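Work through the exercises below with the sequence and the structure side by side. Each task is followed by its solution in steps.

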Amino acid sequence: MKTYLADLHIHTVLSPCGSLEMSPKTIVNAALKAKLDIIAITDHNSTKQAPIIKQFAETKKLFVLMGAEVCTKEEVHCLALFETEEQRLDFQQYLDVNLMKVKNDPNKFGYQVVVDADELIQEEEENLLIFAIDQNIHEVEQKVHALNGIFIPAHIDRPMNGLFSHLAFVPEKLQCDAFGLSANGNYSEWLKKIPSEKVLLRNSDAHCPEQIGSSVNRFEMESISFEELKMALQGINGRKVKVE
């Protein structure tokens, strides 16, 4: 087995709370500086910036998962991660249909732009991305898994938008591939609160370049691929995940 370093929660210029420095080139360079092998692009309720970063990162041999940080109807934040462009597009359509149509005020919430590898603006998202979508946590999880994606409740230790702060427990029928902590979350404390067979990750939730790789997960796998990542999260055939 080989060890690969991963940070699976990174925002870009598309997130209204993300720094305008978080362009494809800056994110990829910061990830490489942090010696990461794998990153996930997880903007609020949108996947639109992810394929541009994935395409640019391929030239640098950095593996990118395309996804989003979804705010469910209960206002719980969950990561949805995908392998293919077809899956991403399907999920993006799902987000577009269910996102509340409230116009963004850049002066109040921040700009929401999609930029290319040369940092030129390709699109500006008019609807505010940080509101909850019109789908509950079970519906989001089922959609993610119907597309063969990975579903991870994010920063479960946070008093805002965390699974436990809003629902108090893990719903019995909720099929989670892992659970996420914030960068400073107490790993041993929160490990006791999730199902014993599940993996607890700790990601940066980076909103600016210097935060990328501030929390790292060590994936022990044969190689880097989406299926290998899924096997590591399940502890299959010697694959596993360790948190730094």
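Helices, such as the one that precedes the glycine in Exercise 1, are DSSP runs of H or I with at least four residues, numbered from the N terminus. The model is predicted.

**Exercise 1. Helix H8 and the residue after it**

Task: Which residues of helix H8 (residues 226-234) are buried, and what phi does Gly-235 take just after H8?

Solution.
1. Buried means under 20% relative accessible area.
2. In H8, the buried residues are Phe-226, Glu-228, Leu-229, Lys-230, Ala-232 and Leu-233.
3. Gly-235, just after H8, has a positive phi of about 70°.

**Exercise 2. The surroundings of Asn-104**

Task: Place Asn-104 in the chain, decide whether Asn-104 is buried or exposed, and find the backbone oxygen that its side chain reaches.

Solution.
1. Asn-104 sits in the loop between helix H3 (85-98) and helix H4 (106-109).
2. Its relative accessible area is 8%, so Asn-104 is buried.
3. Leaving aside neighbours within four places in sequence, the residues in contact with Asn-104 are Phe-109, Gly-110, Gln-112, Glu-126, Asn-127 and Leu-128.
4. With Gly-110 there is a specific approach: the side chain of Asn-104 reaches the backbone oxygen of Gly-110 at 3.0 Å.

**Exercise 3. Two loop residues**

Task: Determine the burial of Leu-174 and of Ile-130, and describe what surrounds Leu-174 and which patch includes Ile-130.

Solution.
1. Leu-174 belongs to the loop between helix H6 (163-167) and strand E8 (179-181).
2. Leu-174 is buried because its relative accessible area is 6%.
3. Not counting residues up to four places away in sequence, Leu-174 touches Ile-137, His-138, Glu-141 and Phe-151.
4. From Leu-174 to Gln-142 the C-alpha distance is 8.7 Å, with the two 32 residues apart in sequence.
5. Ile-130 is found in the loop between strand E6 (121-124) and helix H5 (137-146).
6. With a relative accessible area of 33%, Ile-130 is partly exposed.
7. Met-100, Phe-109, Ile-130 and Phe-131 make a nonpolar surface patch of about 310 Å².

**Exercise 4. Strand E1 and its partners**

Task: Why is strand E1 (residues 2-10) described as largely enclosed, and how does E1 pair with strand E10 and with strand E2?

Solution.
1. Seven of the nine residues of E1 are buried, so the rest of the structure largely encloses this strand.
2. E1 and E10 (residues 217-221) run antiparallel and are joined by five bridges.
3. E1 and E2 (residues 38-44) are parallel, with three bridges.
4. Ala-6 stands opposite Asn-217 in E10, and its bridge partner in E2 is Ile-38.

Conventions:
Residues are numbered from 1 along each chain as its sequence is written. This is a predicted model: local features need pLDDT of at least 70, side-chain atom pairs count only at pLDDT 80 or more; totals for chains, interfaces and linings use all residues. Side-chain values use heavy atoms; hydrogens and water are left out. Helices (H or I, at least four residues) and strands (E, at least two) are DSSP runs, numbered from the N terminus. Buried means under 20% relative accessible area, exposed over 50%, partly exposed in between (1.4 Å probe, protein chains only). A polar contact is a pair of N or O atoms within 3.5 Å; within protein, one must be able to donate a hydrogen and the other to accept it, and residues adjacent in sequence count only if both atoms are side-chain atoms. Contact means heavy atoms within 4.5 Å. Patches are made of residues with over 30% relative accessible area and no salt bridge: like charges are joined within 9 Å, nonpolar side chains (Val, Leu, Ile, Met, Phe, Trp, Tyr) within 5 Å. Accessible areas come from the Shrake-Rupley method with a 1.4 Å probe; for residues, only the protein chains shown count as cover. A salt bridge is a side-chain nitrogen of Lys or Arg within 4 Å of a carboxyl oxygen of Asp or Glu. Two strands pair if DSSP finds at least two bridges between them.
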